[in-house]
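Work through the exercises below with the sequence and the model open beside you. Each task is followed by a solution in steps.

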Amino acid sequence: MAEVAPAEVGHGDAHDDHHEESFWSRYVFSTDHKIIGFQYMFTGMAMALIGGYFAYVFRMQLAFPGSSIPFWGTLSPAAYNSLVTNHGTIMIFWVAMPVLIAAMGNFCIPLMIGCDDMVFPRINRLSYQIFLLSAIVLIVSFFVPGGGFGGAWTSYPPLSAKAEYNSTPFGAPLWLIAVTLEIVAFLLGGINFITTTMNARAKGMKIYDIPMLVWMIVIASILFMCSVGPLIAGAVMLLFDQTLGTSFFDAAAGGDPVLWQHLFWFFGHPEVYVVLLPAMGIVAEVVCVFARKKLFAYKLILYSSIGLGILSFFVWAHHQFISGVDPRATYLFTTTTLLISIPVAIMLFAFIAPLYGGSLRFSTAMLFALAFIAEFLLGGVTGIWLGSSGVDIYLHDTYFVLAHFHYTFVPIAIIAVFAAVYHWFPKMFGRKMNETWGKIHFWGTIIAFNCIFIPLFILGSAGQHRRIYNFQNFPDLAGQNMQDMRVFATLSLVVMLVFQIIFIVNFIVSLKRGEKAGKNPWNATTLEWITESPPPHGNFGHTMPEVYRGPYEYSVEGREKDYWPQNEPPEPKTT
Amino acid sequence: MAHEIIATGRSRTGIPTGRLAVWWVIGSEILIFGGLIATYLLNRFNHGPSWSVEAANTNTFIGACNTFWLLTSSLFVVYAHAASERRDAAKTRMWIWLTILLGGFFMGFKTYEYASEIHHGFTLFTSNFWSFYYTATGLHGFHVLCGMVILAIIAEGDIKKGRNWHRVENIGLYWHFVDIVWIFLFPLMYIAK
Amino acid sequence: MAGHKHPSYLKIYITLVVLFIVSVIGPEVAPSFGAFARPVVLLTAFGIAIWKAYLVCAYFMHLKVEKIYAPYILLACLSLLFVFFFGTATDAMFANGHNWVKPMDENEKVEEAMARSYVLNKDKHGGGHGDDDGHDSESR
């Protein structure tokens with residue numbers, strides 16, 4: 001392992017000769033990974049508010065059809081489609097990915113592997129700028145004539161290709177351009193994460209000493225990079241169909257619309273694991289710290305996640321069981337889909353295992369991490385029904401699917417993210433968030449979340465379709481008890497949104513008035529906790545850390561303290 | 001950046017970070033171009049007879065010349081790499097500019113080719129075959145153009161000032177990849193009619 | 001990387017050019033193989049393409065002397081590409097299913113294509129109506 005750098009002297013001195021940095025170069029055009037991480041995090045959180053607002057509006061329409069919705073007005077069917085489409089698109093591409101991968105990756109990876117920044121800081125900055133541009137393009141698409149794209153986040157042609165069908169001649173291409181830009185931003189960012197982790201680790205940090213969060217983000221980046229290629233090709237083709245009038249996906253002219261489905265879902269399925277793995281990484285970190293125990297079966301988790309990644313490329317057609325694919329292919333895809341639940345289950349159980357015999361501390365972060373495990377388990381189990389092609393014939397495009405993916409996505413994008421924020425807030429900002437308000441936020445969010453989506457499972461099994469503007473138009477679905485469930489789910493959503501105010505206030509107030517956190521408020525072992533909170537420019541001052549042991553040495557027998565930081569030199573042997 | 005980043009200089013794998021990143025970029029590009037080519041093939045097998053007739057109209061002579069320009073430019077860029085390892089700035093820049101020159105021939109021949117095809121009535125919208133043809137070769141041509149620009153920047157911005165020699169190898173890898181894509185596009189569009 | 005032994009770049013280049021010439025000549029001489037015309041074209045066109053790509057990768061890109069990560073990265077991406085192709089082919093390459101037919105008329109498309117074919121129509125005097133079996137109509 002060649003150390004090509006000359007002396008590994010930290011930046012402590014280099015920054016005393018101060019380059020007086022303006023606000024712009026320090027906070028806006030920074031190449032520092034921590035600042036870029038914050039930029040992603042705050043942009044993602046802002047987009048989450050927009051996506052959540054859209055959900056509020058269309059749920060109100062479903063619960064009280066035709067009424068005037070507070071803070072919106074009446075909702076037309078076209079606008080309904082647009083809100084549904086953009087809610088999904090925003091939550092996946094502009095909330096889950098930036099916060100879980102770009103924000104957590106940017107902030108945590110260099111700190112956790114003991115180096116001073118990403119290996120390509122300027123490309124890092126560029127990737128955020130492209131990402132920001134993509135968010136702006138998407139938001140612009142809401143205000144152009146015709147409004148935002150309404151053809152579902154899956155954007156199947158010919159609906160998405162021809163303006164005569166989708167009525168959003170400007171919104172549709174803008175949406176596609178926004179998604180493409182976002183993909184480019186994440187390709188650039190991913191290369192940074194992968195190369196940094198492969199090459200820039202601290203001295204002594206061997207493969208199995210790398211914290212699980214870092215592994216997960218790297219594997220997720222690789223999965224993303226490998227799955228998105230065909231989609232980029234497809235997006236270019238769809239964009240040409242939309243704007244130039246080519247007919248790549250126009251059946252009448254010899255194109256093939258089903259090809260888009262394959263191009264999309266070849267990416268779409270690995271994508272869910274792209275967001276799942278970092279969430280699991282966060283849970284792994286939090287559980288170990290607050291159970292004071294080593295991560296159970298580190299290598300097994302690692303190999304399972306790699307197996308999961310590989311297998312995820314072989315399951316995509318389970319999204320297409322009823323689109324006319326060859327039934328013999330469905331045998332294959334059902335089998336692989338059922339198989340893929342095995343590595344996921346292994347990983348979930350491996351996160352439960354440290355709880356046994358651990359010295360549990362129920363901080364807010366730990367509560368969210370445990371909730372992740374419980375809720376994701378429900379989501380995953382319901383996926384098994386959907387993965388069986390026979391059952392899926394009935395359940396496809398019903399609210400059962402929707403409830404399934406919300407029981408997986410919300411833990412990933414919201415619950416795990418809250419766990420991460422409560423856990424790393426002290427490191428990021430030097431102060432702790434208020435624990436009492438955190439716990440109130442936790443219980444409100446979790447209870448409300450379940451109240452939203454359990455009724456939707458029931459409604460879905462009863463045959464309620466997705467993407468319908470008003471169920472009162474369907475006699476079979478218009479019954480009073482069904483409508484009551486819709487109202488209950490919607491009101492629970494309002495409650496859940498209100499509880500997020502607590503989080504936002506807690507966050508902002510704690511920035512200035514939170515209890516001051518030292519370097520290591522949680523007594524954790526990984527490298528980010530050995531430096532100041534917040535870390536200085538260059539992260540570790542004059543001497544870069546050196547690693548002597550694994551990342552989860554908690555409650556090691558024979559030692560006085562219940563944690564053993566990675567960088568503490570081994571004691572000389574005494575009798 | 002005001003100062004060097006320590007992380008960039010580390011190399012736990014033994015591959016310098018810049019080159020490692022280029023391998024990952026090439027990996028992702030394999031899937032992008034590969035996705036496009038796979039889609040072309042899927043359509044081609046579906047429409048064998050009519051697409052053959054359409055494909056008969058591509059200009060094999062120009063395609064072959066372009067293959068020759070790219071092959072030779074690959075040789076030149078690897079000579080540039082060898083010269084950069086010897087730290088010979090003059091030779092490195094010479095070979096880089098010769099590479100760019102041949103890239104320019106490629107783009108020139110391609111422009112003439114597109115113009116004559118359009119003149120004969122084959123545009124992006126004529127039929128699906130032509131949509132694919134222009135998209136695939138257009139995307140490839142765009143990559144050639146970007147490569148030429150970056151080569152020029154490295155030659156004049158870095159090599160002239162005697163620094164960042166490793167960049168020659170990295171852009172060379174990218175250039176070889178662009179050549180390989182054409183090695184596959186050429187038989188697909190011009191030979192296997 | 002400096003100082004490693006490598007074969008002469010020029011020799012590799014000459015090999016590449018020879019292969020290239022063979023691949024261009026292939027379709028010209030293929031008809032003389034009669035029934036084997038198509039396999040010959042495919043072999044010369046794509047077999048040679050693969051061989052050329054290998055030469056460029058191994059020698060010009062120095063994959064032969066590179067650390068093992070690089071070939072693994074490339075092979076992984078290539079394999080996934082094949083997964084995509086073969087997974088999609090079962091669906092996208094059939095013109096009809098159990099209860100549906102793709103709305104396209106191939107013969108009509110062939111006629112349209114022949115009508116606008118510059119190459120076929122310019123030597124009309126030589127009886128340039130396209131062949132009925134389609135793909136032998138290559139010409140300069």
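## Exercise 1: A positive phi in chain B

Arg87(B) sits in the loop between H4 and helix H5 (89–119) of chain B. The model is a predicted one.

Task: State the phi of Arg87(B), and decide whether Arg87(B) is buried or exposed.

Solution.
- Step 1. Phi of Arg87(B) is near 60 degrees, a positive value in a residue other than glycine.
- Step 2. Most residues other than glycine have a negative phi.
- Step 3. There are 12 other C-beta atoms within 10 Å of Arg87(B). A residue is exposed if that number is 12 or fewer, so Arg87(B) is exposed.

## Exercise 2: A positive phi in chain A

Task: Locate Ser555(A), give its phi and classify its burial.

Solution.
- Step 1. Ser555(A) belongs to the segment after H15 of chain A.
- Step 2. Its phi is near 45 degrees, which is positive in a residue other than glycine.
- Step 3. Inside 10 Å, Ser555(A) has 17 C-beta neighbours. Buried residues need 20 or more, and exposed ones have 12 or fewer, so Ser555(A) counts as partly exposed.

## Exercise 3: Cis peptide bonds

Task: For the cis peptide bonds that join Pro157(A) to Pro158(A) and Ser533(A) to Pro534(A), give omega and the place of the second residue in chain A.

Solution.
- Step 1. Between Pro157(A) and Pro158(A), omega is about -5 degrees. Pro158(A) lies in the loop between helix H4 (121–141) and helix H5 (163–166) of chain A.
- Step 2. Between Ser533(A) and Pro534(A), omega is about -10 degrees. Pro534(A) is in the segment after helix H15 (480–513) of chain A.
- Step 3. As a general background, most peptide bonds are trans.

## Exercise 4: The fold and core of chain A

Task: Describe the elements and compactness of chain A, then find the residues with the most contacts inside the largest nonpolar core.

Solution.
- Step 1. Chain A contains 15 helices and 0 strands. Its radius of gyration, 24 Å, is close to the 25 Å that the globule rule gives for 575 residues, so chain A is as compact as a globular protein of that length.
- Step 2. The C-alpha trace of chain A spans about 80 × 50 × 50 Å along its principal axes, and 56% of its 575 residues are buried.
- Step 3. Helix H2 (residues 33–63) of chain A reaches 44 Å from its first C-alpha to its last, close to the expected 45 Å. Of its 31 residues, 23 are buried, so H2(A) is largely enclosed by the rest of the structure.
- Step 4. The largest nonpolar core has 284 residues; Ala96(A), Val283(A), Phe368(A), Phe372(A), Ala413(A) and Ala419(A) have the most contacts inside it. The helix that gives the most to this core is H8(A), with 24 residues.
- Step 5. Take Ala419(A) and leave aside its neighbours within four places in sequence: its contacts are Ile282(A), Val283(A), Val286(A), Ala365(A), Phe368(A), Ala369(A) and Phe372(A).

## Exercise 5: The sides that touch chain C

Task: Say which elements of chain B and of chain A supply the sides that touch chain C, and how their residues divide.

Solution.
- Step 1. Chain B has 7 helices and 0 strands, and 62% of its 193 residues count as buried.
- Step 2. Contacts link 48 residues of chain B with 53 residues of chain C. On the chain B side, helix H2 (17–46), helix H3 (48–55), helix H4 (60–85) and helix H7 (166–191) each supply at least two residues. H2(B) has the largest share, 12 residues. By type, this side of chain B divides into 26 nonpolar, 18 polar and 4 charged residues.
- Step 3. Between chains A and C, 17 residues of chain A are in contact with 15 residues of chain C. Helix H7 (212–243) and helix H8 (257–291) of chain A give two or more residues to this side, and H8(A) gives the most, with 4 residues. This side of chain A divides into 12 nonpolar, 3 polar and 2 charged residues.

## Exercise 6: A helix of chain C

Task: List the buried residues of H1(C) and say what covers them.

Solution.
- Step 1. Helix H1 (residues 9–29) of chain C has 21 residues and reaches 30 Å from its first C-alpha to its last.
- Step 2. Its buried residues are Tyr13(C), Leu16(C), Ser23(C), Val24(C), Gly26(C) and Pro27(C).
- Step 3. Their cover includes H4 and H7 of chain B, together with helix H2 (37–60) of chain C.

Terms used. Residues numbered from 1 in each chain as written. Chains lettered and ligands numbered in written order. Predicted model: local features only at pLDDT ≥ 70, side-chain atom pairs only at ≥ 80, totals over all residues. Contact = placed C-beta atoms within 7 Å. Nonpolar A, V, L, I, M, F, W, Y, C, P; charged D, E, K, R; others polar. Rg over C-alpha atoms; globule rule 2.2 N^0.38 Å. Expected span 1.5 Å × (residues − 1). Core = buried A, V, L, I, M, F, W, Y, C linked by C-beta atoms within 7 Å.
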